[in-house]
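Subject: Handing over a structure, with notes on what was found

Hello,

I am passing on the structure we talked about, so that you can look at it yourself before reading my notes. Please open it first and keep it beside you as you read.

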Amino acid sequence: MVRTAKLALEDGTILTGEGFGAKTIKSGEIVFSTAMTGYVESLTDPSFKGQILMSTYPLEGNYGVSSEWYQSDDIKVEAYIVRQVCREPCHPKSEKTLSEFLEEFDVPGISNIDTRALTLKIRELGSMKAAVATVDISDEELLKIVEEQPRLEDMNLVEEITVKKPKVIQERKEYNVAVLDCGVKKSILDNLVQKDVGVIVLPSSASVQDILDLDVDGVLISSGPGNPENVDKIQDTIKQIAQKMPVAGICLGQQIIALTYGAKIYKMKFGHRGSNQPVKDLATGKIYITSQNHSFAIDEDSIEDTDLEITQINLNDGTPEAIRHKNLPISCIQYHPEAGPGPHDSKKFFDDFIETIKNY
């Protein structure tokens, strides 16, 4: 049976479509991703916490859902918007349909939406507050929910998803890495495990002493959702720990490191989300096609008066894609080298990090 669903935007727009997934109402910041595959990985990516995800690719759900593709324990997006949803998937690993997947984790979906027109609106006006309802509700009530939704830049989303206590991913090896969990993806941890290092995940609020007590050789600041300026305590930890061992950062991790050493961050109009972002290495001239998911970026001009330097840029808009510290063993990137989903062009990031640890 067809269920009517509604999408409301903070500019007063109300769109009607067909509901799937859970019967509920959820609000968040609406964003779009241009990735053509990987909807399971995207839906379970902690970096999407607090956001309503829209796919620009017109058909989603056609290869079903497998727990093997999860990037966290559950769905992290608040709601999902698609042009067309496939209800009869075909894939040897598929365990459930996309609609069943959303229903399992109480996430609403809306289909039969003109996602092309909606993408153009977001590109013109920027990301905005929104709500999806797959149950009966008046337009006025739904718009009120949107209005009362806090803005993404005012929220501390990392504290909602970080681990509460240390979690060993791989037992101790010759070299060992601590991951400060700001919303780490499973693929990041998998790549570290493949490098044959011990891996332990810590809460984002872990102290310097917590890290030193573990006798690790390096620290990775993970990717994650929201505004890097709202992540408690972590900047002081980075400043002290970088005097003792190599530090690396991915996505939100890069932004936090930039803030730690005096750079500034700004919220982008609609961010970078997809798996085809071109990045140029300034030293080698090499181009990487990368997977990205972020709303904030480093202010390029603010780097000049710091001990940081830009090493890679985005070829679409010139935004900084990688930085390093001039004197300390700190390097980080804005994109996702682990992919999940996306190309594997930049997996060398993990090799370089482990090599830095071994040579330190």
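The notes below go through a helix, the cavities and a patch on the surface.

Please keep in mind from the start that this is a predicted model.

I would begin with helix α9, which covers residues 252–260. Nine of its nine residues are buried, so the helix is largely enclosed by the rest of the structure. If you want to check this residue by residue, the buried ones are Leu252, Gly253, Gln254, Gln255, Ile256, Ile257, Ala258, Leu259 and Thr260. Just after α9 you will come to Gly262, which takes a positive phi of about 100°.

The next topic is the empty space inside. The structure holds three cavities of 30 Å³ or more, and the largest of them has a volume of about 110 Å³. This largest cavity is lined by 14 residues, and those closest to its centre are Ser42, Ser291, Gln292, Asn293 and Pro341. Two elements, β15 (265–281) and β16 (287–298), each give two or more residues to that lining, and the largest share, three residues, comes from β16. By character, the lining of the largest cavity divides into three nonpolar, nine polar and two charged residues.

The second largest cavity has a volume of about 90 Å³. It is lined by 15 residues, of which Gly224, Pro225, Gly226, His294 and Ser295 lie nearest its centre. Here the elements that contribute two or more residues are α9 and β16, so you meet again the helix described above, whose residues are buried. The largest share of the lining of this second largest cavity, four residues, is given by β16, and the lining as a whole divides into five nonpolar, eight polar and two charged residues.

Finally, please turn to the surface, where Ile287, Ile289 and Leu315 form a nonpolar patch with about 220 Å² of accessible area together. Leu315 sits in the loop between β17 (308–314) and β18 (320–325). Is Leu315 buried or exposed, or something in between? Its relative accessibility is 42%, and it therefore counts as partly exposed, because that class lies between the limit for buried, under 20%, and the limit for exposed, over 50%.

With best wishes

Notes
Residues numbered from 1 in each chain as written. Predicted model: local features only at pLDDT ≥ 70, side-chain atom pairs only at ≥ 80, totals over all residues. Heavy atoms only, no water. Buried < 20%, exposed > 50% of the residue type's maximum accessible area, 1.4 Å probe, protein only. 1 Å grid on protein atoms, 1.4 Å probe; cavity = no way out; pocket = protein on both sides within 12 Å on 5 of 7 lines; lining within 4 Å. Points joined across faces, edges and corners; volume = space filled by probe spheres on them. Nonpolar A, V, L, I, M, F, W, Y, C, P; charged D, E, K, R; others polar. Patch = residues over 30% accessible without salt bridge, like charges linked within 9 Å, V, L, I, M, F, W, Y side chains within 5 Å. Areas by Shrake-Rupley, 256 points an atom, 1.4 Å probe, with all protein chains shown as cover. Salt bridge = Lys/Arg side-chain N within 4 Å of Asp/Glu carboxyl O.
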